[in-house]
Amino acid sequence: MVMDRNEDAVHLDNPSYMTDERRMIQEVAREFTLKEVLPVANELDPVQGQIPMELRAKMGEMGYFGIRIPEEYGGLGLGVFEYCLIAEELARGWMSVASIIARAGGVMGVTGWSMERRLELTRRAAQGDYLAAVSLSEPDTGSDLASVSCKAVLDGDEWVITGNKYWCTFADGADYISVLCRVEADKDQPHKGLRSFIVEKPRGELPKGCQGSPIPKIGYFGWNTFELAFDGCRIPKANIVGGDGTEGFKTTVSGLEVARAHTAARAIGLARGALEDAVAYSQQRVQFNQPISDFQETRFKIARMASEIEAARQLMYHVATQLDNRQRLDKEAAMVKWFATEMAERVTSDALQIFGGAGYTKLHAIERYWRDARLTKIFEGTSEIQLRIISDRILGKPTNRQNQS
Ligand SMILES: Cc1cc2nc3c(=O)[nH]c(=O)nc-3n(C[C@H](O)[C@H](O)[C@H](O)COP(=O)(O)OP(=O)(O)OC[C@H]3O[C@@H](n4cnc5c(N)ncnc54)[C@H](O)[C@@H]3O)c2cc1C
């Protein structure tokens, strides 16, 4: 059994940020989530099923894959703010669905491809019909991305990719994998020798020259996360991102600020889902002849949860607005990622507590929110890495790291 949401539990507004258009976008995404996403999540997450193609098609019709893609290229032409607004709503249903919208529209930087081709694929991406998996991490490379060792070597008209990758979510379902590889060794500045490559492949398969298997993760279901072994995987010479010599590390890191705001939105959405379910449950569950929502400990817990969610949301609104104003914002993006994801773990754990033993079952969605919240502290840069970024901006880098990235 899954609890109905409490309609009035969390319907917050901030007139400084929320225009009528944004309220409408939020409301439509909320209704879409409750009707199309939540029932699918409740059915498929417990059996580790995949996000269905029908749901992807509906999301494509809503424009959710092209929120930030310009209208002339088939997108909605909106900003980071609307992207986060919609991601929060989708994550209220299923975090994996809020995540898949980030997999569209990454090929405009492939300057070796004709503009026609890039525009055509971007149009398809906006419909959810040309989606990426992103392969940065390796068995020995996680937080320290500059130490990537998977190699790309130019051989005539082709790049040949060889090396092991880890944690590649959606490697099978995607239309291409964006792979971060080393093209040059530079002992002093290892991040400089990295580039991103586009490895196209048939949907539902791994690329030729690449083998892999799913990692047995404990949540984030709806898609598989792979370990991959590239063994002489050949791709056309043109499939390099920033063929004008742009460094792969810089390109990767520059996208992280929006990714961190998006992760905050996902954390806020799933925390809100947990709160709404906990409010509804606390009003129905009776112990000692009264609803458990009458106990002060439950009431105060709910008050604290709602306050924490709201604090994270307001910081997200601020960061998203600044990103739309094209400001570099690494410290604030790290702050919202850290704050929102730590908050989500606390809030989903408190929500589970309100459910008592029922929370520790697969009969309610609470356990999903709790499991998925735990991941938000790890991917897109761990909490410790966010604190490192923030403290570096406040204190300057420690002396032993002053010459490093
Ligand atoms: C379910 C799932 C899906 C994922 N999907 C993808 C994906 O699609 N593509 C992709 O490329 N990656 C993906 N990742 C990988 C993810 O980004 C990494 O797990 C993350 O960056 C951390 O790297 P790591 O796991 O190797 O941990 P490590 O870097 O080994 O860190 C281990 C611990 O040490 C701490 N630590 C490391 N360095 C420092 C430091 N300098 N200061 C303080 N503490 C430090 C960390 O915070 C952490 O607590 C996914 C991971 C998971 C779990």
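Helices and strands here are DSSP runs, numbered from the N terminus. The model is predicted.

**View 1. D172 sits in the loop between β3 and β4 (176-182).**
D172 is partly exposed. The count behind that label is 19 other C-beta atoms within 10 Å, where 20 or more would make a residue buried. Beyond its neighbours within four places in sequence, D172 is in contact with G204, E205, L206, N224 and F226. Y64 makes a long-range reference point: D172 and Y64 are 108 residues apart in sequence and 21 Å apart in space, C-alpha to C-alpha.

**View 2. Strand β7 (residues 225-236) pairs with β3 and with β6.**
Strand β3 (residues 158-169) runs antiparallel to β7. The two are joined by 10 bridges. One pair to pick out is V160 with its bridge partner in β7, R234. Strand β6 (residues 210-214) also runs antiparallel to β7, through 5 bridges. There, P214 stands opposite F226. F226 is also one of the contacts of D172. When following side chains along these strands, recall that in a regular strand they alternate between the two faces of the sheet.

**View 3. The ligand lies between domain 2 (132-245) and domain 3 (252-401).**
That placement follows because both domains give residues to the shell around the ligand. The shell holds 19 residues, and the closest are G142, S143, W167, T382 and E384. The elements supplying two or more shell residues are β1 (132-135), β3 and α11 (383-395). By class, the shell has 9 nonpolar, 7 polar and 3 charged residues.

**View 4. Domain 1 (20-126) meets domain 3 (252-401).**
The domain assignment also gives domain 2 (132-245). The centres of domain 1 and domain 3, taken over C-alpha atoms, are separated by 21 Å. In this interface, 18 residues of domain 1 are in contact with 20 residues of domain 3. On the domain 1 side, α3 (80-93) and α4 (95-100) each supply at least two residues. Helix α3 gives the most, with 10 residues. The domain 1 side that touches domain 3 comprises 11 nonpolar, 3 polar and 4 charged residues.

**View 5. Helix α8 (residues 296-324) has the span expected from its length.**
At 1.5 Å a residue, its 29 residues should span 42 Å. The end C-alpha atoms of α8 are 42 Å apart, which agrees. The buried residues of α8 are T298, I302, M305, E308, I309, A312, R313, M316, Y317, V319, A320 and L323. An α-helix has 3.6 residues a turn, so residues three or four places apart point the same way. The cover over the buried residues of α8 includes α3, α7 (256-284) and α9. After α8 comes R326, with a positive phi near 60 degrees.

**View 6. Helix α9 (residues 330-354) is largely enclosed by the rest of the structure.**
Of its 25 residues, 18 are buried, which is why α9 counts as largely enclosed. The span of α9 also fits: 36 Å is expected at 1.5 Å a residue, and its end C-alpha atoms are 36 Å apart. Helix α9 is among the elements that cover the buried residues of α8. Just after α9, G356 takes a positive phi of about 60 degrees.

Definitions and conventions:
Residues are numbered from 1 along each chain as its sequence is written. This is a predicted model: local features need pLDDT of at least 70, side-chain atom pairs count only at pLDDT 80 or more; totals for chains, interfaces and linings use all residues. Two strands pair if DSSP finds at least two bridges between them. Helices (H or I, at least four residues) and strands (E, at least two) are DSSP runs, numbered from the N terminus. A residue is near a molecule or strand if its C-beta atom, placed from the backbone, lies within 6 Å of it. Ala, Val, Leu, Ile, Met, Phe, Trp, Tyr, Cys and Pro count as nonpolar, Asp, Glu, Lys and Arg as charged, and the others, Gly among them, as polar. Domain bounds come from an automatic or database domain assignment. Two residues are in contact if their C-beta atoms, placed from the backbone, lie within 7 Å. The expected span of a helix is 1.5 Å times one less than its number of residues. A residue is buried if 20 or more other C-beta atoms lie within 10 Å of its own, exposed if 12 or fewer, and partly exposed in between; C-beta atoms are placed from the backbone.
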